[in-house]
Each structure stands twice: as C-alpha cells, then as structure tokens.
Amino acid sequence: MKKRFDISSLMRSKLTWAVVAEALILLVCLIVRPDFFKISYQPSTGMLYGNLIDIVNRSSEITIIAMGMTMVIALGGTDLSVGALVAVAGAIALKFMRWDVTVYNTPGDYTVYPFVLAIVVPLLVCIAMGLFNGLLIAKGGMQPIIATLILMVCGRGIAQIVTNGKQFTTGYSPFRVIGQGSMFFLPTPIVITVIVIVCVSLFVRKTAFGTFVEAVGVNRSAARLSGINAQMVIFIVFALTGFLSGISGLIYSSRIMSNDSNNAGLNYEMDAILAVVIGGTSMTGGKFSLAGTVLGSIIIRTIVTLVYYFGIASEATMAFKAVIIAVVIVLQSEPVREAFAKRTRARSQLAGGGAVK
Amino acid sequence: MMKTKGRSLTSRLTNPKYIMVYATVGIFLIIYLFGALAYGDKGFTTLRTFMNMFIDNAYYGISAVGMTMVLITGGIDLSVGAVASLTGMFIAYGTSVLGLHPLVCIAFSLVVGVGLGLLMGWVIHYLNVPPFITTLTGMFLARGVCSLISRESIEIKHPMMDALAGWKIYFMKLQDGEWVRIRPSAFINFNVIVFVVMIIIGTVILQKTRFGRNIYAIGGNEQSAKLMGLPVGRTKVLVYGFNGLCSVLAGVTYALYVKSGWNLSLQGAELDVITCAVIGGTLLTGGVGYMIGTLFGVLLKSIIPALITFNGNLLSWWGKIATGLLLLLFICIQKIVVNATGRKKEKKPAVKN
C-alpha cells in the first residue's frame, strides 16, 4: 500500500513540473499582453472568443492524437504514422466532397457523395491503417517505431494518389461545422476533443483496459503469462490511434476546407509524442497519464501563442518550443529529480535535527 | 598456406552476420537488372546514370554514416536534417550577408553541429532522457534557429564555393592514344569524394578501432558493456558528436549541391537517412550494422527515383510508396533472419544435453 503511494506521488511530481511550466508561460503571456485572459462572447456566431479558448481550440488536433499516442507510448512504442494518417483522412474526405469544376464555378454548399461517406470512410481507412501497424507489431513482432515508419513514408504518397496529386476545395457547410462551427458556445473542435478525452478516459480507466496496456508496456511476456491477450491489446491501441488520427485529420481539413497532402499533419507525430512526454508518461512504457497528455498538448500550443505575441516568425517558434521543452524534460529526467529529492530530504533532516536541539 | 587463407576468407564471407548486407546488395542488383532490361535502351545502364545516383544522394549517404553508428548503439538521431539545413544557412548567411569566408562558416558550423551532438549525447546518457525525445528537441532547436536567421532562401555566391561545386573529375578512356571523355560523359564531384571517404572512415572506425568495438558492444547489451568496464558514457557521447560532424558535412555538401541555404530545406531528411540505414541492414534494436550495407542502402533508395524518372509516366509520389514497401520487405527479411539465428542458438544446448 505504501509503495503504491510512493509511485503515485512520483507521478504527481512529474505532472507538477508541467503545471508549473504552463503557469509560467501563461504568466509571461499576461505580462506581454495584459488583456490575455479576456474572453468575449460574440452573439452573431454564438461562440466565445479569447486567447485561452484559441489555445485549447488550436491544440485539439494534437490533443486528440496524443490520447492514442499516450497508450502507444505506455506500450513502450511510438507511432510515427499519425501525421501521414491525418493527410490520408483529409484527402479521402475531400475526394468525396470535392468541388467539381464542371458543375459549379465557385466552391459551393454541396457535396458530390453523401456526407456520411466523407466522414465514415476516412475514419474506417484510418482504423484499417492502424490495424496494419498493429498487425506488423503484434503478429510480426516488429519494433513499433520502424513498423509505423513504413506508413509514415507511404502515407503521404497514398494521400497523393487518392486525390491524384490535386488539391480539392469544398464549401459544404456541414463539413465546415467540424472545424469552424460552434457548439455550446465553444468552437466545435473543443467539444469534439472533450468528447474524445471523456470516452478514452472512461474506456481506459473504467474498464481493465488501461491496466492491460500498462501491464503489456512493462513486460509483454509477463502480461501474456498472466492471461492478458497482449496481441489484442496492441491491435486495439493502434487501431484507436489510427481512428483518432482520422478525427484529427477531419478537423484539420475542415479548418482549411481543403486537403493538403504535403502539409496536413506535418510533424504531428513529433508534437503528439512531445505532448505525451511533457505530460509525464515515460517513453520506456508502463504507467501513463491522460491528464498529463492533455496538459502537455496545451503547453505546446501556449508556447506557440506566446511566440506569436512577441511577433516572431511562425517557423521560429520551433526554437522556443525546443528551449522550453528541453527545460521541462531535463527537470523531469530521473537524475535531476533524484537530486532534488535528495536535497529536500537532506533539508528536512537538517530542519528536524534543529527542532530536537 | 594459400588454401587455408582462401578457406578462411570464404568462411568469413559466409558468416551469417552478413546476410542482411547480402540481401541489400542482392535486391539492389535485382532492381538494377530490372532497370537495365526495361530501360537499357534509354541509357539506364550507362556509367553516367550510376554516378548520378551517387551525386544526387551524397548528402544522404554522408549523414547515413553517422546515423548507422548511432543506430548500432541502439539510439536514434532525428536532428540530422535540421543540423544540415542549419549548416547550409550558416554558409549562405555568412558568405552572402556577413561577407565571411566559407571556411570560417564551415568551421563555425562544425563547432555548433558537433557541440550540439555532444550535448545531446550527454543528455541521453547522463540524464537518461530517451534519444528520440532529446534529438527531437535538438531538431526543433536547429530548425528554429534556421528560421531565426532567415525565412527566405539565400543564394550562396563565393568563388571558393563555386569552384568546389563546379569541380568535377570526368571519366576518361584511351582512344587512339588520346584520353577522351567517355560518352555520355560521367563524372564524380567533390560531394561524391566526401561520401566515399566518409564511408571508408566509418568502416575503419567500426571494424578496426576499439571505439568501433565499443559501439557494437553497447548496442548488443549496454548493461553487459558497462559491466565489462567499457567506457559506455564516453562512447555514446562521442557517437552523437560524430553524427553531428556527419550532419554538418552533409549540410556542406547539400549547400554545394543546391548552392543556397533555406530554412525549410531537408525537411524529413532524418527519416530518409534512417530508412537508408535500415534497408542497408542496420537493426534499430542496435548491435548490428555495416557501413557497406549503408552504402548499398543509399544506392537502393536512390535507384527508385531513377527508375521513376526513366519510366516517365509514373508520378513521383509512387517513389514514396515504393520506398515504404522496400522498407517493409527489409524488415520482414530481418525478422526472418533474426528468428532463424535465434532458433539455432536455442537449439544448441538442447542437442548438447
């Protein structure tokens, strides 16, 4: 019982750094722009506006993917193919809804195929690709990083072939709602993200599945011997990550109302992995924290917003991201935390000795 | 005497640890043969086409030398493309805007690139941060600094760089007592020479030095290497430093190849480089890999675009899919080879008992 408490406090200390980092970044934002936390209501669109809303809204693609990535990393692997799947989902969706030059002159409010197809087919294809990853890893026994590298290399090629290298645009309004509309006074992506977070958390924490994932991540053979169907767990996790990448792809393409096979989801795998790691989930597998991942994703987006406020080129945000992430990761690394723990222990002992005197 | 020497050579060559290298060479030859049969009349078999594969991919190859070593230690380095891009940026900005001599810029790039590599190696080993995350942060940092320098492409204009980029050695043949260029003319340039030299240096380091043995030992089992008293930390840090050196050299050759610096150049190159190493027979789990395999991996990766160019009808993104399939094929072969050798090892004690 006591040991368990130790582990949870360790996890909490990792999360603490993430919270502190986020608070510091927000503080800097507040100093740069005093009206940073202002949130206003726009009756015409029925949406709340404000920097905080914008940060959460823009981080939703990464947050959704990172939910699946958390479990992939808890299994001890990484999924590099998510960015490519985002591109594939967008390409397929737009293939079904493309603006046909021969019929209309401007991208209008219509779709070529039923809207359901444009939503369901991309998600199914993404699940299938996730299952392909799972097949290579669970049945083929390959390393996740290299197995998903295949689809990462292929995926954008597949997306190009789906659209024949063209960039389609659409003006179909139900599709616009996904990325630009509003629900319950909030931008739709936030609502979708919240639904995803709730569903995944319930699935993982209210069933035994989360424990299965952690067990397989710690020791696959031991998990198998204790009666867990490790292959099935891997299949489900990778299919889920594929599915979530598909949702993310739909949101991304709905934001731009177009498909962009070269840039859609570019570096998403990196951002998602970073979000997970900043959130305190170890890359060696085992314990994971979904709340930490959400926080990690928001931290990444807050950094980007902060850099915009300083009026620095968008590409240069990477340098600032790198510096802040480096600080967080170094603070989270084992030797540093141990050193901290030692120092506090020593101090408390000193303080205790003083009291005795 | 001769006989024993010959036998030892054949037994050395048939060592199962070279199977992956043979697979790479074999598949390269098969694809080359296919190209020769299909597009031989269009000039696929000429020396020029073959040399172009070296010229167009020299920078990948140079980076792959360092990457192979990193992968053999069981690590990974995602920062190579960004560091190479940063080098190009330093050279372009330094020569064109600041008016510095290119050698000064290259020296500065070397300090930055090797320094970043050593720092990442230090963080990986001593702070126990996973290589993937550490080098990803390094990539973001290098790429961000690129964009801070300039967001637009800068042309490289300097007599020395022009001379280096334009320097070529033509292949000659003796015709009627006179040396003439072979037709269609084929040549090698500075980049190819750097590539070949780096492959040779890499081979010597891996096969002939204590440092190289340590790399293999760490990749095989880091714990055992530590218990054997090998300098694990120093070796790992130096490997990442060497990879930084390779990235800078790749950046210099890329700058010579395109004669400009751009903050977004070589995006995604790190995964291309890793792909080259993997289809060259390097295991991502560490401990296995050869420079000669990496050389053929680079050639194998470059022959696909060449085939697509010669076909003329296929669109270029088929190249990505073909590369992905090639990767799949190689991983499957690796898996089969590893399984087969693993089973053999398992069987041995059973027979003894």
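## Where chain A meets chain B

In this predicted model, 48 residues of chain A are in contact with 42 residues of chain B. Together the two chains bury about 3,600 Å² between them, and carbon and sulfur atoms account for 82% of that area.

What about charged and polar pairings across the interface? The rule finds zero salt bridges between chain A and chain B. The count of residue pairs in polar contact between these chains is also zero, taking pairs with both residues at pLDDT 80 or more.

## What chain A brings to the contact

Five elements are worth picking out as you turn the structure: helix 5 (115-139), helix 6 (144-162), helix 12 (268-278), helix 14 (317-332) and helix 15 (334-356) of chain A each give at least two residues to the side that touches chain B. Which of the helices supplies the largest share? That is helix 6 of chain A, with 12 residues.

Sorted by class, the side of chain A that touches chain B holds 32 nonpolar residues, 11 polar ones and five charged ones.

## A hairpin in chain B

Now for a look within chain B. Strand 3 (residues 172-175) and strand 4 (residues 178-181) of chain B run antiparallel, joined by four bridges. To find your way along the pair, start from B:Met172, which stands opposite B:Arg181 in strand 4.

The hairpin that these two strands of chain B form has two residues between the strands. Here B:Asp176 takes a positive phi, near 50°.

Terms used: Residues numbered from 1 in each chain as written. Chains lettered and ligands numbered in written order. Predicted model: local features only at pLDDT ≥ 70, side-chain atom pairs only at ≥ 80, totals over all residues. Heavy atoms only, no water. Pairing = 2+ DSSP bridges. Contact = heavy atoms within 4.5 Å. Buried area = accessible area lost by both parts, 1.4 Å probe. Salt bridge = Lys/Arg side-chain N within 4 Å of Asp/Glu carboxyl O. Polar contact = N/O pair within 3.5 Å; in protein donor to acceptor, adjacent residues only side chain to side chain. Nonpolar A, V, L, I, M, F, W, Y, C, P; charged D, E, K, R; others polar.
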